[in-house]
Amino acid sequence: MKNNEENFFLYLKGKMNPKERKFFEDGLKNSEELNSDFEEYKILVQSINESKNIDLNKDYLESIVPNFRSRLEKKDKKKSLKNLKYAFASIFIIVMGYFLILTYNTENKQDVNQALADLSNDEIDLIVNDYNVEDYLTAYMDDISAQKIQYIYAEELKTSLAESIGDINLNEVLVKFNITDVDQYLSDNDVDLIYSQLIEKKIL
Amino acid sequence: MQVLNDDFELIKNFIDGNESAFNRLAVKYQEKIYWHARRMTGNHLDADEIVQEVLMVLYYKLKTFEFKSSLYTWIYTITNTRSINYLKKRSLKNFFSLDEITNRKSDEKNIIDHLESKQKLEKVENALQKLPTKQREVFIMRNFDELSYEEISRITGKTVGALKANHFYALNKIKELFKNEK
């Protein structure tokens, strides 16, 4: 079947000029097939036009915009609620995180302090004596670090001696006694204590 | 030109914060939106839902409208797109539940007052629903909205040739359906 729809459409809508209209009408007169197709098309257009002119219920039409406004309001509320939920969740996470970290750090310190508080002075001395700091440290450090500690130890000892000797010329003492030999006049415990204090002060 | 000025004024007033200007635009175009959605989807409930969706889109996007086309063309394009999306969603739903189609028909409110009008509408709707979406789309735009192929091409993004071909097949099918109903 030829596509005469374009002509049918233009003719029925009155969009043909007089010349085109005449040509089309002559064609209808001369062709039964074209005429038959055109009649079928007109029936279809009539049905379409009838369905186009149907009126909607007035109540329904009047309800469309109010219904839209109500949906808009619900949507805005949902949006604010969502934002609020996110805000609360974020604050909750931050606060919980802060408390967790705080509790963890506090507990650790408290544990250590609590443990030490439970021990007597003799027990603490025992632990320190059993724990040979010098040997432990020198076993786990390289030569350069060991020399560094040795130097700092000597310097600290010199300062301490100067303070305790007072007016006596420290240099005379240092010349007479090799500073490192002072070790032999100190107990092993004293040496370990000095080492650990030096490390705490200077190294860590 | 008057229509353009009216639409322009309403949009401008809405952008300036006048909510009632939007309501007036909505009332002006709501029937056109409804009927296009109704013809595409074939039932009132879906058409009503699409009307609400289109109004929501307009509400948020009207500020971006640049008057490159008429407001009606822009609204029509949005309605058409939403209708096609709805049909895609519906065919997925129907795949899983066949009850969906019959339920939507029986739930229809009495939004058309006269029985004769309802029957005429039903006849056309039944025929339209038997067309594939692409053919239905061009058939509705050509015969119900009386758009030219060039206008339909701008709205759908399809070539005039493709539209004419789709319309040709749609027309033949609809004529056949109407003949069989007699």
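By a salt bridge I mean a side-chain nitrogen of Lys or Arg that lies within 4 Å of a carboxyl oxygen of Asp or Glu. With that rule in hand, and keeping in mind throughout that what you see above is a predicted model, we can turn to the place where chain B meets chain A, across which the rule finds seven salt bridges. One that you can pick out for yourselves joins the side chains of B:Glu19 and A:Arg69, with 2.6 Å from N to O.

Which elements of chain B give two or more residues to the side that touches chain A? They are α2 (19-41), α3 (44-61), α6 (115-129), α7 (133-143) and α9 (160-181), and of these it is α2(B) that gives the most, with 10 residues. Beyond the salt bridges, 14 residue pairs are found in polar contact across this interface, counting pairs in which both residues have a pLDDT of 80 or more.

Let me now give you the extent of the interface as a whole. On the side of chain B there are 44 residues in contact with chain A, and they meet 32 residues of chain A. The two chains bury about 3700 Å² between them, and 59% of that area is on carbon and sulfur atoms. Within chain B, the residues that lose the most area to chain A are B:Gln52, B:Met56 and B:Lys175, which together account for 16% of what that side buries.

Next, chain B itself. Its secondary structure comes to nine helices and zero strands, and buried residues make up 47% of its 182 residues. If we take the contacts in chain B between residues at least 6 apart in sequence, 65% of them join residues that are at least 24 apart. The accessible surface of chain B comes to about 9600 Å², with 52% of it belonging to carbon and sulfur atoms.

Finally, I would like to look at chain A, where A:Ile91, A:Val95, A:Tyr98, A:Phe99 and A:Leu102 form a nonpolar patch on the surface, with about 480 Å² of accessible area together. A:Ile91 has its place in helix α4 of chain A, which covers residues 58-118. Why can A:Ile91 be counted in such a patch? A residue of a patch must have over 30% relative accessible area and no salt bridge, and A:Ile91 passes the cut-off on area because its relative accessible area is 49%, a value that makes A:Ile91 partly exposed.

Terms used:
Residues numbered from 1 in each chain as written. Chains lettered and ligands numbered in written order. Predicted model: local features only at pLDDT ≥ 70, side-chain atom pairs only at ≥ 80, totals over all residues. Heavy atoms only, no water. Patch = residues over 30% accessible without salt bridge, like charges linked within 9 Å, V, L, I, M, F, W, Y side chains within 5 Å. Areas by Shrake-Rupley, 256 points an atom, 1.4 Å probe, with all protein chains shown as cover. Helix = DSSP H or I, 4+ residues; strand = E, 2+ residues; numbered from the N terminus. Buried < 20%, exposed > 50% of the residue type's maximum accessible area, 1.4 Å probe, protein only. Contact = heavy atoms within 4.5 Å. Buried area = accessible area lost by both parts, 1.4 Å probe. Polar contact = N/O pair within 3.5 Å; in protein donor to acceptor, adjacent residues only side chain to side chain.
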